[in-house]
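Hi,

Here is the structure I promised to pass on to you. Have a look at it first, and then read my notes below.

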There are 2 protein chains.
Amino acid sequence: MSLTDQIHDFGKRARAAARQLRQCTAEQKNAGLRAMSDELVAAQDAILSANAKDLEKAKAAGLSAAMMDRLTLNPKRIAAMADGIRQVAELPDPVGEIIRDWTRPNGLRIQKKRVPIGVIGIIYESRPNVTADAAVLCAKTGNATILRGGSESINSNIAIAAALARGGAKAGLPADAIQLIPVTDREAVRVMCEMDQFLDCIVPRGGKSLIEVVVSHARMPVIKHYDGICIMYVDAAADLAMAEKLIINAKCQRPGVCNAIETVLVHSAVAEKFFATTAPAILEKGVQLRCDERAFSKLANLNSPLVAHAAAEDFRTEYLDLILAVKVVDSIEEAISHIENNGSHHSDCIITADGRAAEQFLADVDSATVYWNASTRFTDGGEFGFGAEIGISTDKLHARGPMGLEELTTYKYVLRGSGQARP
Amino acid sequence: MSLTDQIHDFGKRARAAARQLRQCTAEQKNAGLRAMSDELVAAQDAILSANAKDLEKAKAAGLSAAMMDRLTLNPKRIAAMADGIRQVAELPDPVGEIIRDWTRPNGLRIQKKRVPIGVIGIIYESRPNVTADAAVLCAKTGNATILRGGSESINSNIAIAAALARGGAKAGLPADAIQLIPVTDREAVRVMCEMDQFLDCIVPRGGKSLIEVVVSHARMPVIKHYDGICIMYVDAAADLAMAEKLIINAKCQRPGVCNAIETVLVHSAVAEKFFATTAPAILEKGVQLRCDERAFSKLANLNSPLVAHAAAEDFRTEYLDLILAVKVVDSIEEAISHIENNGSHHSDCIITADGRAAEQFLADVDSATVYWNASTRFTDGGEFGFGAEIGISTDKLHARGPMGLEELTTYKYVLRGSGQARP
């Protein structure tokens with residue numbers, strides 16, 4: 001069987017499973033999730049021995065300590081995964097919700113009803129726990145998934161997906177509701193991207209080159225989880241103590257994530273004080289500051305090895321590290337323009353005590369999440385109160401920002417009549 | 001300037017216009033729309049002389065009478081277009097709506113706010129009135145548009161788009177809010193499909209080959225207006241007088257549109273009566289019936305030239321003509337399976353007096369619109385009460401079914417804090 005036929009076969013089976021799954025009640029799906037959780041714990045030994053193979057291969061390939069850590073499973077991490085699944089089972093099911101309900105003058109009643117999307121393709125790299133997280137959120141919302149994980153964690157992924165599918169089937173969910181494609185080369189991604197007869201949507205989670213392959217080949221809708229060049233703007237009317245606290249939180253609390261900030265813009269009216277007190281406090285946290293000319297001139301006297309000149313590219317770079325690009329601006333309009341032209345429209349914040357300036361910023365910055373006086377680190381499904389998160393969309397359509405269960409559904413219109421014909 | 005640079009230049013200007021446009025109030029946008037309407041009427045002579053060129057070319061190319069009619073403008077049609085724009089100006093503006101508003105335990109207030117999408121590409125064929133319809137609905141919702149119409153109506157399109165842009169600019173809207181690409185070859189479509197830095201979304205309206213080009217090249221979300229293989233199922237408990245009325249309405253009232261039916265499924269329990277009374281009534285309207293074996297055997301005695309054998313392909317064909325494929329089924333499950341495997345998930349209907357059968361059908365058929373006892377011809381933004389319609393999406397994500405103004409918007413999250421940092 002050719003690779004294409006083989007992957008299409010996953011598609012056909014997913015399509016059939018999706019049709020069964022969308023007819024399951026919330027209680028049936030939740031029972032399936034609890035059984036998946038049990039089966040994951042029961043399969044612990046098999047999962048750990050599969051994971052050992054991945055770790056051995058990774059060690060031989062010389063993966064970094066950070067990468068090794070992300071790849072590593074242990075009983076505690078498996079228990080956490082199993083726990084997470086039980087928590088998802090407890091969440092309310094958005095499927096079936098009547099979003100709108102109205103009756104036309106001709107008596108035709110129209111309901112806009114929330115339904116599962118159908119079959120969702122998840123293409124990801126590295127961390128094996130994505131296998132469980134993504135598949136379970138999809139099953140909760142009545143969607144079948146076709147998973148295609150990276151080569152580093154392939155053995156772990158196969159073992160986890162098998163445990164989930166087995167658990168679900170024991171509780172009566174279709175066995176093909178969760179499938180993992182065991183082929184890790186890019187050709188498999190291309191075939192998936194082109195099979196819009198089987199996949200209603202693709203969610204790529206991984207590095208830029210993976211996302212680029214998906215975006216350029218996909219025939220179906222793609223919900224991207226792309227880069228986060230998040231920017232904090234310290235306004236003329238900013239409380240600088242708050243600015244210090246929020247910049248440090250948004251940069252240092254977890255530098256390697258998409259909602260950490262990469263750039264700070266400082267209004268010239270507060271620049272003197274900012275560079276005399278706030279900037280040194282940030283440097284003290286070990287953050288390198290890559291400064292435009294005006295910012296550099298104010299920090300040069302510190303003779304700090306952490307103070308450097310910024311190139312234009314620095315303002316368009318997602319460092320994911322303890323580095324901040326810093327620039328002085330003369331107006332809120334200049335700050336907004338900078339954000340529009342250099343940011344990635346993910347999460348951007350104004351720090352100010354001036355309500356008018358804040359509202360101008362919140363209205364004019366076209367990003368998935370815009371903040372006034374809070375850390376950008378709150379862009380997260382959990383922090384939003386969604387209970388679960390499949391990712392943070394950097395796209396504008398269908399889902400924008402944190403994606404919870406609701407974003408894994410679509411709608412259909414249900415019309416009930418009594419013989420109405422169109423005049 | 002290369003074609004790519006030339007089209008990117010449209011993109012850059014649209015991006016800048018979109019930024020201005022999204023800051024306009026509803027009243028500013030409505031004033032712009034009214035000025036567009038005035039300008040369209042004022043430019044009538046220029047538009048008609050441009051249209052005359054298109055008609056001359058079309059005549060020379062031997063276009064069908066129906067195509068010529070779709071292409072033809074006259075003072076009445078221009079007045080209707082101008083009227084339509086004024087009606088759109090009267091509709092409520094969905095932009096700015098607070099879709100959800102909640103406060104987290106840490107005091108962070110989160111609002112989900114409706115905002116324009118940004119820049120929308122519209123790729124269409126043939127009818128010049130799409131130029132006005134699409135551009136005006138986009139402007140109403142704060143979106144800039146880049147239009148790329150077909151070669152047949154290029155002169156009319158240029159004249160209409162210029163009048164709209166001029167009218168909008170007179171009322172203070174950005175001049176580049178509505179732009180038309182005067183290049184009609186497919187290469188222009190390909191360049192548009194790849195410029196996701198400038199276009200947030202593409203809406204193709206046209207034939208299958210156009211849509212195929214867009215789907216296979218587009219890097220940004222595509223909202224398709226694809227085929228409508230709509231199916232009506234006459235259940236065992238159907239009122240056959242109602243079935244006759246609804247089948248004739250859904251097939252004959254306007255056969256050339258996507259929400260007209262192409263297939264009728266008849267439950268075997270009512271087949272005898274259906275083929276004795278209902279089918280002859282349908283034949284009398286001049287509808288050709290392409291029948292499966294069981295249906296054919298019941299109609300053969302009529303010796304009607306309109307009764308033919310169906311091939312498998314007939315059940316997957318969008319006739320857009322007075323032709324119906326007819327098949328006898330033995331259960332509602334068989335009907336639903338047929339619809340899932342052969343329909344285009346656009347609009348499907350059950351005719352029955354049995355509420356349980358109806359609810360099973362409405363729940364299990366996964367189409368954009370599902371009907372009980374009404375003509376599928378109601379799948380239409382106007383008939384739904386949306387006031388306006390940019391098309392009927394056959395996609396599942398972002399917009400499904402009739403697309404009104406709301407479907408031309410997205411949302412962003414606005415967070416207001418008082419110094420919250422993530423623990």
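Before anything else, keep in mind that this is a predicted model. I'll go through the sheets, the helices and the contacts in turn.

**The sheet that uses both chains**

I'd start with an open sheet of ten strands. Its order is β10(A)-β9(A)-β11(A)-β8(A)-β7(A)-β12(A)-β13(A)-β16(B)-β2(B)-β1(B), and the pairing is mixed. The edges are β10 (307–309) of chain A and β1 (98–103) of chain B, each of which pairs on one side only. Neighbouring strands are turned against each other by 25 degrees on average, ignoring direction.

Where does chain A hand over to chain B in the strand order? Look at β13(A) and β16(B), which sit next to each other in that order. These two strands run parallel and are joined by five bridges. If you want a pair to click on, A:Val370 has B:Val414 in β16(B) as its bridge partner.

Elsewhere in this sheet, β7 (residues 230–234) and β8 (residues 261–267) of chain A also run parallel, again with five bridges between them. There, A:Tyr233 stands opposite A:Leu265 of β8(A).

Two helices of chain A are worth finding next. Helix α13 (residues 332–342) packs on the sheet and touches β7, β8, β11 and β12 of chain A, its direction making about 140 degrees with that of β11(A). Helix α10 (residues 240–252) lies across β7, β8, β11 (323–329), β12 (347–351) and β13 (369–374) of chain A, together with β16 (409–420) of chain B. Relative to β7(A), α10(A) runs at about 170 degrees.

**Two helix pairs in chain A**

Helix α10(A) has a helical partner too: α11 (residues 268–284) of chain A packs against it at an angle of about 40 degrees, with the axes 10 Å apart. That angle makes α10(A) oblique to α11(A), and their crossing is right-handed. On the α10(A) side you'll find A:Leu240, A:Ala243, A:Glu244, A:Ile247 and A:Ile248. They meet residues of α11(A), among them A:Val270, A:Phe274 and A:Ile282. Sorted by class, this contact has eight nonpolar, two polar and two charged residues.

The other pair is α5 (residues 75–90) and α6 (residues 129–140) of chain A, whose axes come within 10 Å and cross at roughly 15 degrees. α5(A) and α6(A) are therefore roughly parallel to each other, and α5(A) passes α6(A) in a right-handed crossing. From α5(A) the contact uses A:Met81, A:Gly84, A:Ile85 and A:Val88, while α6(A) brings residues including A:Ala132, A:Val136 and A:Leu137. The class split here is six nonpolar, two polar and two charged residues.

**How the chains meet**

How many residues does each chain put into the contact? Chain A gives 56 residues and chain B gives 55. On the chain A side, α9 (208–217), α10, α14 (355–364), β13 and β16 (409–420) each supply at least two residues. The largest share of that side, eleven residues, comes from β16(A). By class, the chain A side divides into 23 nonpolar, 17 polar and 16 charged residues.

**Domains of chain A**

The domain assignment splits chain A into domain 1 (3–226 + 398–416) and domain 2 (230–383). Their centres, taken over C-alpha atoms, are separated by 36 Å. Each of the two domains puts six residues into the contact between them. On the domain 1 side, those are three nonpolar, two polar and one charged.

**A smaller stop in chain B**

Finally, take a look at the open sheet of four strands in chain B, with the order β5-β4-β3-β6 and parallel pairing. Its edge strands are β5 (178–180) and β6 (201–205), and the twist averages 20 degrees from one strand to the next. Five bridges join β3 (residues 119–124) to β4 (residues 144–148), and B:Ile122 stands opposite B:Leu147 in β4(B).

Two helices of chain B lie across this sheet. α6 (residues 129–140) covers β3, β4, β5 and β6, at about 165 degrees to β4(B). α8 (residues 186–194) lies across β3, β4 and β6, running at about 155 degrees to β4(B).

Cheers

Note on methods: Residues numbered from 1 in each chain as written. Chains lettered and ligands numbered in written order. Predicted model: local features only at pLDDT ≥ 70, side-chain atom pairs only at ≥ 80, totals over all residues. Pairing = 2+ DSSP bridges. Axes fitted to C-alpha atoms, helices over the stretch in contact; angles between N-to-C directions. Contact = placed C-beta atoms within 7 Å. Parallel < 35°, antiparallel > 145°, perpendicular 65-115°, else oblique. Left-handed = near helix turned anticlockwise from the far one by under 90°. Nonpolar A, V, L, I, M, F, W, Y, C, P; charged D, E, K, R; others polar. Domains from an automatic or database assignment.
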